[in-house]
Amino acid sequence: MFGSNTGPVLRNLGETRLECGPVRPGAGDTAWHQGRDDDIVWLVLDQADTSINKVSRDVIQALAAEVDKLERDPPRALVIRSGKPAGFAAGADIKGFNDMSRDQMSDLLRQGHEVLDRLAALECPTICVVHGAALGAGLEIALACDWRIAVQGASFGFPEVKLGLHPGLGGTFRLPALIDPTEAMTLMLTGKTAHTDKAEKLGLADVITQERHVRAAIEAIVADKIDRDQPGLKARAFNLASARTLAAQRMRSETQKKAPKDHYPAPHALIDLWEKHGDDPAAMQSAEIESFAALLDTETSKNLRRVFFLQQDLKNDGREEDGIRQVHVIGAGAMGAEIAAWAALKGKSVTLGDVELEPLGKTVSLARKICKDQHLSSIETRNALDRLMPDPKGYGIAQADLIVEAAPETADLKEKIYSALSDKMKEGAILASNTSSLRLKDLRGAAPDAGRFAGLHFFNPVSKMKLVEVVRHDGTEDEVVDRLARFCGAIDRLPVRVTDYPGFLVNRALTPYLMEAMVLMDEGVEKEKIDAAAIAFGMPMGPVTLSDQVGLDICLHVAESLTSHLDKSMPAISDRLREKVEAGDTGKKAGRGFYDWSKGTPHPDAAGGPDDLTDRMILPMLNACVECLRQNVVGSVDETDAAMIFATGFAPFRGGPMHYARTRGVDAILQRLDDLQDRHGDRFVPDPGWQDL
Amino acid sequence: MTRPVYLVDGARTPFLKARGTPGPFTPVDLAVECGRPLLTRQPFDRRALDLVILGCVNVLQDEMNPARVAALRLGLGADMVAFTMQINCGSGMQSIDTAYRYVRDGSHDMILAGGTEALSHAPLVLRQSAVEWFGEMAQAKDIMDKAKALTGLRPEFFKPILGLERGLTDPITTLNMGQTAEILAHRFGIDRTAADTYAMQSHHRLAQAQKKNWLDDEVMPAFSKDGTVHEHDDGVRPDSDLDGLAKPKPAFEPPYGKVTAGNSSQITDGASWVIVASEAAVEKYGLTPLARIVDSQWAALDPSVMGLGPVLASTPIVARHDLGLDDIDLWEINEAFAAQVLACLAAWEDDAFCRDVLELDGAFGRIDRDRLNIDGGAISLGHPVGTSGNRIVLHLANALKRRGKVRGIATECIGGGQGGALLLEAA
């Protein structure tokens, strides 16, 4: 489907009205809105001044007051739902967590548990209607009800683990009591979301229907017309401690692979809880409260929550309407193909130009694969592919609101492409280059309108790497930068605004790390040891593997460009790197780089190496981040941390490179850099910016 | 004075030969493949179109009213009216003619008119006896009834019939389309060599047009989901020669027939669109028309000689505008069969035929081969039935422009005994 088809009739009719019984949501400033009709009580959650419900202290206290009334004057049935079109509830209000002491937190948890226990104990049927997402504490409220009606499109999940926590309002014992405990543990350990059909299969949802039939479904439940399996049948198999121990061992080893206990304690704590108390809900409940409060205090959880808010900030920067309907991408190479496919998948009408037909064809099959990886239905995939038009003749140029140039990294070629655009581009259209190694100031002269020319630096693969650097040169119009940031938001990527500096922010910071790894290899340190040290620090993969994945030719190009443009001492470019590139062993894409990729991704696992191995790689990265901050390449410490986490996977549990530096102590780092400078040379000279950090 | 009507642009997919299994594209996929680039290269917002008309004969169950499905997939908006037309082999021209009449009447300003067909997707059809058996099984109330019904099961129920084969058989005369061509070959004295020679030229002409990039703005590469690029019409045989063409046995009436797979149109998938616009639309959007649509005509005749449809449809246009043989610079006569095209030419040269049937004063004359199907036709390109009528109009417009000529007729025979024709003039 090319573009949007919504017509005037649907626009006029608007969203389907939510069935809220006698309650008119939005009235008043309480969180819960109560109404009684035909002896059924409706409790509609609709917090003031927000588009998404979050379970806060107020929500819990107001619910307690409502439950009081229900206990005194029991109705025929209770219906709980959200009055927000966006969904049920996005989880707990974690912003409130930071201001609370551990005791306050425990108090609040106890209050919450008490009210949910009383809700669960009500004698009348209690029915939770879920539309949109019911996450974390939202799902815990739903689990305390007898019945769950899922409106088609509803989803259920416990994402706490992503914040270094596990469920804390009874989820750890209510979910395994309701559904197959191994499925329950999987949901909580992975933080994954169960969509409507999956939720029905798991037994999370008792009734699946459309919004227009919600009232009829409630009446059917109240009239006892719905059959369902007795919940908790599968839980019995795990009443035996030995069965749980066996299962817990398996869960531990799986979890350890993705989330080592030292770095990510929460999932391991959850497995311990279940193994110990899986057959005793009361014991599990008090252990859950204690464990949750303890996790909340860990550095990991604090840092992951910080990262969550950093991500929200970047998202907020791109939230407004971008005014970009049609995008033309130039160049169907690895990056251009990914950018085009991703933008089409996210709803943009995209034309993709290339002088060769073959890469255009390959892009279509790549796009189909990305759709599959993103779990799109066959119709959604068809629509996404319809929006992605291979455009060998460049018809899309004249209609595009945004042109993204992703041609090979040679200035001559890019300039030639730009000059061919000058009489074709639509008035007001933006031209953005995906260059990673060239300077915008050198290219802008060839752009049809330098003020409407900027950088839009994506990371490979676009479908997995969330960050995009929105790069301005000193003549780029503000409005252009704003719209590019919003474009990133519209295609579900995270924009960070940077200036035209060699390597911008991310490559400037990452390159010394990769180059130092090659220097270490030249010194005779095994690449497996180098990579293992980085992984032990918390990086998703080691620098040697990463170089192979990025492409050694691109690494060399960026390294050369940085070395020549920066008046800073850099690690010498390794001869081995040049030899590999010359031999065509350019890494993953060639099947061979420093590693042999023919049998898939390498998993280096070798301890040892010099004692300053990790610092030699990590500290230059921090040093370069400080340089970028000093040079105003990036606006803030927070943006720097977010960019490095979402572009390179920099250990999220450490909260980002600058946060890590502050945690370790600026003085300690300066001392270590001095020390490394003495041992290894001037590339470790501390940046003058450290004193302002 | 009637309002002028313009054909402003058009594009089609490559025509892809059916190779035994369903091809990579459904009818709507094909319409989207060529519709996207066509609409993207226009200076106007695609939602400025008033209407979508699409010819399609073999509609898939998943794509009822393919015109509407294509309109939505092309992003023309929920409020875009779209309907599908079917007059068998004339469907793709019927859509243009309908658009032409709507615009001429002043009710519409800009219409997307196309044709699409995926003959490789033609369904396997159950025998009537099998359908009845399935019905009985479904209605059987208890085990006994079911057991009774089960005894009626026959092995031939599982031998489905090619829907395509049935579609190419005339239901009135029970003649296959190829047999109607045999009748014409016999009545107008077309021998095997003449038919083969015509077929060979068709291949050579298309090969030349491809080589010289004459089809560049007309044929848009199609990209299938597995990444395969279909750049050109793939049924062409540039090295086709008479020896090769002499080899295949008569396909429809062996052993003595003249019509072979080699001198018949190919079974193919493909789609084609044109944009039909009023003068007001041309001015409003600053469009450069390819041609002006001047007149149209449909005719019907005995189904067993359906191949003469072009003669019956074109001649009234020529007569209405007082045009002689030399006034028509270019002809596109859809090449259902070489013998059928040659029979049309022979009929126009036949004094008695022209007097008695066409009510002319005498023979219309001999159409110069240099003015007829100058870049090949359905024998080399293929004949996706719902599409061909659209393609010949589009190609005629492009060919007139390329040669700087003034006037041309695109015409086709239609299974079931009809013919359609459209007169274009340089814009």
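Here a biologist and a modeller talk through a predicted model.

Biologist: Let's start with chain A. What makes chain A as compact as a globular protein of its length?

Modeller: The radius of gyration of chain A is 27 Å, and the globule rule gives 26 Å for 693 residues. The two values are close, so chain A is as compact as a globular protein of that length. Its secondary structure comes to 27 helices and 18 strands, and the C-alpha trace spans about 80 × 60 × 45 Å along its principal axes.

Biologist: How much of chain A counts as buried?

Modeller: Of its 693 residues, 51% do. A residue is called buried if 20 or more other C-beta atoms lie within 10 Å of its own.

Biologist: And which share of the contacts with a separation of 6 or more comes from residues 24 or more positions apart?

Modeller: In chain A that share is 71%.

Biologist: Now a single helix. How do you know that the span of α9(A) agrees with what is expected of a helix?

Modeller: Helix α9(A) covers residues 241-258, which makes 18 residues. At 1.5 Å a residue they should span 26 Å, and the end C-alpha atoms are 26 Å apart, so the two agree.

Biologist: What puts the buried residues of α9(A) on the same side?

Modeller: Those buried residues are Arg244(A), Ala248(A), Met251(A) and Thr255(A). They cover an arc of only 70° around the axis, so they sit on the same side of α9(A). Their cover includes α6 and α10 of chain A. The face turned away from the buried side carries exposed residues, among them Ser242(A), Gln249(A) and Lys257(A).

Biologist: Why is α19(A) called mostly covered?

Modeller: Because 14 of its 17 residues meet the cut-off of 20 or more other C-beta atoms within 10 Å. From first C-alpha to last, α19(A) reaches 25 Å, close to the 24 Å expected. After this helix comes Gly524(A), whose phi is positive, near 105°.

Biologist: Let's turn to the partner chain. How many residues of chain A are in contact with chain B?

Modeller: There are 27 residues of chain A in contact with 20 residues of chain B. On the chain A side, α14(A) gives the most, with 8 residues. That side divides into 12 nonpolar, 10 polar and 5 charged residues.

Biologist: Which residues of chain B does UniProt list for a domain?

Modeller: An unreviewed UniProt entry lists residues 287-425 of chain B as "domain: Thiolase C-terminal". In the model, that span is 38% helix and 22% strand, and its end C-alpha atoms lie 17 Å apart.

Key
Residues are numbered from 1 along each chain as its sequence is written. Chains are lettered from A and ligands numbered from 1 in the order in which they are written. This is a predicted model: local features need pLDDT of at least 70, side-chain atom pairs count only at pLDDT 80 or more; totals for chains, interfaces and linings use all residues. Helices (H or I, at least four residues) and strands (E, at least two) are DSSP runs, numbered from the N terminus. The radius of gyration is taken over C-alpha atoms; the globule rule is 2.2 Å times the number of residues to the power 0.38. A residue is buried if 20 or more other C-beta atoms lie within 10 Å of its own, exposed if 12 or fewer, and partly exposed in between; C-beta atoms are placed from the backbone. Two residues are in contact if their C-beta atoms, placed from the backbone, lie within 7 Å. Ala, Val, Leu, Ile, Met, Phe, Trp, Tyr, Cys and Pro count as nonpolar, Asp, Glu, Lys and Arg as charged, and the others, Gly among them, as polar. UniProt positions are given in the numbering used here, feature names are shortened, and annotations may be inferred rather than shown by experiment. The expected span of a helix is 1.5 Å times one less than its number of residues. The arc is that of the directions from the helix axis to the C-beta atoms.
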